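This report walks through a few features of one protein model, helix by helix and residue by residue. Please keep the sequence and the structure in view while reading.

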Amino acid sequence: RVESYGTISRALFVTIVPIIISSAIYNISNVVDNSIFGHVMENLGESGQTASQWGVYMGRYHMLFNIPVAIANSLSSSLIPSLSRAIAGKNRKEVLSKINSAIRFSMIIAIPSAVGLTVLAEPVSNLLFSGMDNEMLIRMMAVGSSAVVFFSLSTVSNAILQGLNRMQVPIINSAVALGVHVAALYGMLRGLHLGIYSVVYANILFAALVCILNAVSIARYTGYRQEFLRTFLIPCAASAAMGGAAWGIHALCVKDVGNGISTAAAIGVAIVVYFLLLILLKGVNAQELLGMPGGAKVLAVARKMRLM
């Protein structure tokens, strides 16, 4: 049966519009934050530093934590077609496998990224924004790096629901989370006087709520039960050791070779330590490595070292 252009156009429209609206809610939160932050700070008589603080938040903090989140975005874009195909084929086993793989891969990247940005907040900030006053940025990164994990997971879980043909659910969940986010932001600004850090904490809360609501929805529609050991606990343990190694390498080298080389050395050692521990702790297997970008090279090295 040949479908008409009108039928195809309607199908595309009802598919694309919910995705656009869901993305719009994510993006409009920054506009809402800017408005609330500016007005409340002005009412509190603290508007003098509002523009500079917002500039640090949007111009530098957002840029740093969005780099690993972008990997989750690319993963989510590639997930929808294969997940939809499994749904159309009524292959429940493949659906659950796709969901698990997407969440695990995003966490394998996001968790060490968050730990790395926390531990190396000062050297990375001073390296990328040399000659600038980075004190506020360093504090933001130290307290707000967990946003990497929550935004990555919320992005992937949105894509999973869209792939399950539950297009409206991410919109509803994001709207609910945005409402709580706005209330929390106003409360932290007015009641706790946390300033720009209120925006940081409120955005973490927003993404965390989206993750929780999406997880409940995915479980409801597919019967999916999240596995925690290999998805969260092992990456967390490997990341903790990685963070200690990175901090130690930087502290040992910075006086002798300067911030740039010591930061690069710390990042290099961190990558090696993390993937070494991830493999030793059975957090990833050969088949999963082959499915990752550059995983074939990692697998070849691991086999030469007789780790797998």
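## Helix H6 and what follows

Which residue with a positive phi follows H6? The residue is Asn-165, and its phi is near 65°. Before going further, please keep in mind that this is a predicted model, and that the values discussed here were computed from it.

Asn-165 has this positive phi although it is not a glycine, and its place is in the loop between H6 and helix H7, which covers residues 168-192. With a relative accessibility of 60%, Asn-165 counts as exposed, because the cut-off for that word is a relative accessible area over 50%. A second residue can be described in a similar way: His-193 is not a glycine either, yet its phi is positive, at about 55°, and His-193 is found in the loop between H7 and helix H8, residues 196-222.

Helix H6 itself runs over residues 147-163, and its 17 residues reach 24 Å from the first C-alpha to the last, which is close to the 24 Å expected at 1.5 Å a residue. Of these 17 residues, 16 are buried, so H6 is largely enclosed by the rest of the structure.

## Ser-157 inside H6

Ser-157 is a residue of helix H6, and at 4% relative accessibility it counts as buried, because buried means under 20% relative accessible area. When residues up to four places away in sequence are not counted, Ser-157 touches Asn-214 and Ile-218.

The side chain of Ser-157 also reaches the backbone oxygen of Ser-154, at 3.0 Å. By contrast with these contacts, the C-alpha atoms of Ser-157 and His-39 are separated by 33 Å, and the two residues are 118 residues apart along the chain.

## The salt bridge in H5

How many salt bridges does the structure hold? The structure holds one, and it is formed by Glu-135 with Arg-139, whose closest N and O atoms are 3.0 Å apart. Side chains of opposite charge can pair when their charged atoms come close.

Why are Glu-135 and Arg-139 separated by about one helical turn? Both belong to helix H5, residues 135-144, and they are separated by about one turn because they are four residues apart in that helix. An α-helix has 3.6 residues a turn, so residues three or four places apart point the same way. Neither partner is described as buried: Glu-135 is partly exposed, with a relative accessible area of 48%, and Arg-139 counts as partly exposed at 37% relative accessibility.

## Gln-53 in H2

Is Gln-53 buried or exposed? At 15% relative accessibility, Gln-53 counts as buried, and its place is in helix H2, which covers residues 50-88. Leaving aside neighbours within four places in sequence, Gln-53 is in contact with Phe-37, Met-41, Met-136, Met-140 and Ile-196.

## A nonpolar patch on the surface

Which residues make a nonpolar surface patch of about 350 Å²? The patch is made by Ile-8, Leu-12, Ile-16 and Ile-20. One of them, Leu-12, is found in helix H1, which covers residues 5-43, and Leu-12 is partly exposed, with a relative accessible area of 48%.

Conventions:
Residues are numbered from 1 along each chain as its sequence is written. This is a predicted model: local features need pLDDT of at least 70, side-chain atom pairs count only at pLDDT 80 or more; totals for chains, interfaces and linings use all residues. Side-chain values use heavy atoms; hydrogens and water are left out. Patches are made of residues with over 30% relative accessible area and no salt bridge: like charges are joined within 9 Å, nonpolar side chains (Val, Leu, Ile, Met, Phe, Trp, Tyr) within 5 Å. Accessible areas come from the Shrake-Rupley method with a 1.4 Å probe; for residues, only the protein chains shown count as cover. A salt bridge is a side-chain nitrogen of Lys or Arg within 4 Å of a carboxyl oxygen of Asp or Glu. Helices (H or I, at least four residues) and strands (E, at least two) are DSSP runs, numbered from the N terminus. Buried means under 20% relative accessible area, exposed over 50%, partly exposed in between (1.4 Å probe, protein chains only). The expected span of a helix is 1.5 Å times one less than its number of residues. Contact means heavy atoms within 4.5 Å. A polar contact is a pair of N or O atoms within 3.5 Å; within protein, one must be able to donate a hydrogen and the other to accept it, and residues adjacent in sequence count only if both atoms are side-chain atoms.
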